[in-house]
Amino acid sequence: MNKLPDFPWDRLEPYKKRALAHPGGIVDLSIGTPVDPVPRLVQDALAQAANSPGYPLTHGTKALREAAAGWLRRRHGVTVDQQDVLPLIGSKEFVAWLPTYLGAGRVVFPELAYPTYDVGARLAGAVGTASDSTVALGPERVDLLWVNSPGNPTGRVLPAEHLRKIVSWARERGTIVASDECYIELGWEERPISILHPDVCGGSHEGLLAVHSLSKRSNLAGYRAGFVTGDPVLVKRLLETRKHAGMIMPQPAQAAMTAALGDDAHADHQRELYSARRTLLRPALEKAGWSIDHSTAGLYFWASNGQNAWDQVAKLSEIGILVAPGEFYGSAGGQHIRIALTASDERIDAAVRRLQ
Ligand SMILES: Cc1ncc(COP(=O)(O)O)c(C=O)c1O
């Protein structure tokens, strides 16, 4: 294992203190943790499965796998066999351990990215490279390539054409592509497409994995609920390893996730909440001197007023608004901040008033 980085959020503490001191209270737009309620039908499914004395299956129930396959078909035009779905205890654990499962020696992830891709490479003792260009990677073998669309932190969507190029590049080299699609339901000005969509992969899932999360779609971050699917051979291998390692999703969480994947109404409602918050917050930020880059999908605004990221964090903390500095996501983020939409309507209103 390579040395792990310091936990970046600790560095935000002084700014959090300053924001907390605002007479109207803090508006915390930093971490991006859901604040709206867990849908009633999901809570009920969890409660009904409370009496679960036996060990659950690492592969999950057939009902769960079918619900995941059904959701992918219904909402994203992706066809997978239910056997090829593997539940995750939230997608973060999988992001962190995939390079180890694969015995990867070299892992590539986006230049501006969720930090756990890098952590995963380090845990595996692999070489981690942040790069958005396959050309720049040279001839050296790449075992695993991460893509993330819509992306965290930038809210950028990778078009089908771009994903197609990555898939064919990877297939020529025997590189596995893992596509983190945890924000796929949150397309605003652009519609994200899965790597497993036939327009991208040509119908074969060979060498491809798509990772999904219920955290943002269904406010299930507290339940820890996600799944991976894709190449049947790879999924089978991952299942065997996870069985040995005890990476088992609790049975009540499986029941809750099954209910969540079977229902679109709550996800549509949640989308509308985020859409309304975006509509309020964006012009307020722009009037206050920030420009918004990318951010056509996902849960964040990737914003800059041209200053150093930490100065922007400090400035907003003076009016009680806490945001994340772009450099948490890579050195290219030094002049940006990431602003999450995960605050109540009341808190978003407060932020809008303060920005005026
Ligand atoms: C890009 C990305 N991937 C994965 C995760 C992990 O989500 P979870 O573990 O809640 O499924 C996050 C969380 O914010 C994320 O931003």
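I take buried to mean under 20% relative accessible area, exposed over 50%, and partly exposed in between, with a 1.4 Å probe and protein chains only. By that rule I entered D264 as buried, because its relative accessibility is 17%.

**Basis of the entries**

I note that the model is predicted, that local features need pLDDT of at least 70 and side-chain atom pairs pLDDT 80 or more, and that totals for chains, interfaces and linings use all residues. I number residues from 1 along each chain as its sequence is written, and side-chain values use heavy atoms, with hydrogens and water left out.

**Entry: D264 and its partners**

I located D264 in the loop between α9 (251-261) and α10 (265-287). Helices (H or I, at least four residues) and strands (E, at least two) are DSSP runs, numbered from the N terminus.

I then looked up the polar contacts of D264. A polar contact is a pair of N or O atoms within 3.5 Å; within protein, one must be able to donate a hydrogen and the other to accept it, and residues adjacent in sequence count only if both atoms are side-chain atoms. The side chain of D264 has such a contact with the side chain of R74 at 2.8 Å, and another with the side chain of R217 at 3.1 Å.

**Entry: the ligand**

Which residues are closest to the ligand? I recorded D180, Y183, S213, S215 and R224 as the closest of the 14 residues that surround the ligand. For this shell, a residue is near a molecule if one of its heavy atoms lies within 4 Å of it.

I sorted the shell by residue type and found four nonpolar, six polar and four charged residues. Here Ala, Val, Leu, Ile, Met, Phe, Trp, Tyr, Cys and Pro count as nonpolar, Asp, Glu, Lys and Arg as charged, and the others, Gly among them, as polar.

I looked up three polar distances to the ligand. A polar side-chain atom of D180 is 2.5 Å from a ligand nitrogen atom. A polar side-chain atom of Y183 is 2.6 Å from a ligand oxygen atom. The side chain of K216 has an N or O atom 2.9 Å from an oxygen atom of the ligand. The ligand taken alone exposes 390 Å², of which the protein buries 91%; accessible areas come from the Shrake-Rupley method with a 1.4 Å probe, and for residues only the protein chains shown count as cover.

I noted that the ligand takes up the space of the largest pocket. A pocket, on a 1 Å grid over the protein atoms alone, is an open set of points with protein on both sides within 12 Å along at least five of seven lines, whereas a cavity is a set of points where a 1.4 Å probe fits but cannot get out; lining residues have an atom within 4 Å of a point. A molecule sits in either if more than half of its atoms lie within 2 Å of its grid points.

**Entry: Y183 and R191**

I found Y183 in the loop between β6 and α7. Is Y183 buried or exposed? Y183 counts as buried, because its relative accessibility is 4%. The C-alpha atoms of Y183 and R217 are 7.7 Å apart, with their places 34 residues apart in sequence.

R191 lies in the loop between β6 (176-180) and α7 (198-201). I entered R191 as exposed, because its relative accessible area is 66%. R191 and A297 are 106 residues apart in sequence, yet 7.6 Å apart from C-alpha to C-alpha.

**Entry: backbone angles**

Most residues other than glycine have a negative phi, and most peptide bonds are trans. I therefore noted the following cases separately.

N219 has a positive phi, near 55°, and lies in the loop between β7 (208-213) and β8 (226-230). N219 is buried, with a relative accessible area of 7%. R224 also has a positive phi, near 65°, and lies in the loop between β7 and β8. R224 is partly exposed, at 29%.

A cis peptide bond joins S149 and P150, with omega about -5°. P150 is in the loop between β5 (144-148) and α6 (160-173). A cis peptide bond also joins N152 and P153, with omega about 10°, and P153 is in the loop between β5 and α6.

**Entry: T229**

I placed T229 in strand β8 and entered T229 as buried, at 0% relative accessibility. A polar atom of the T229 side chain lies 2.7 Å from the backbone oxygen of D84.
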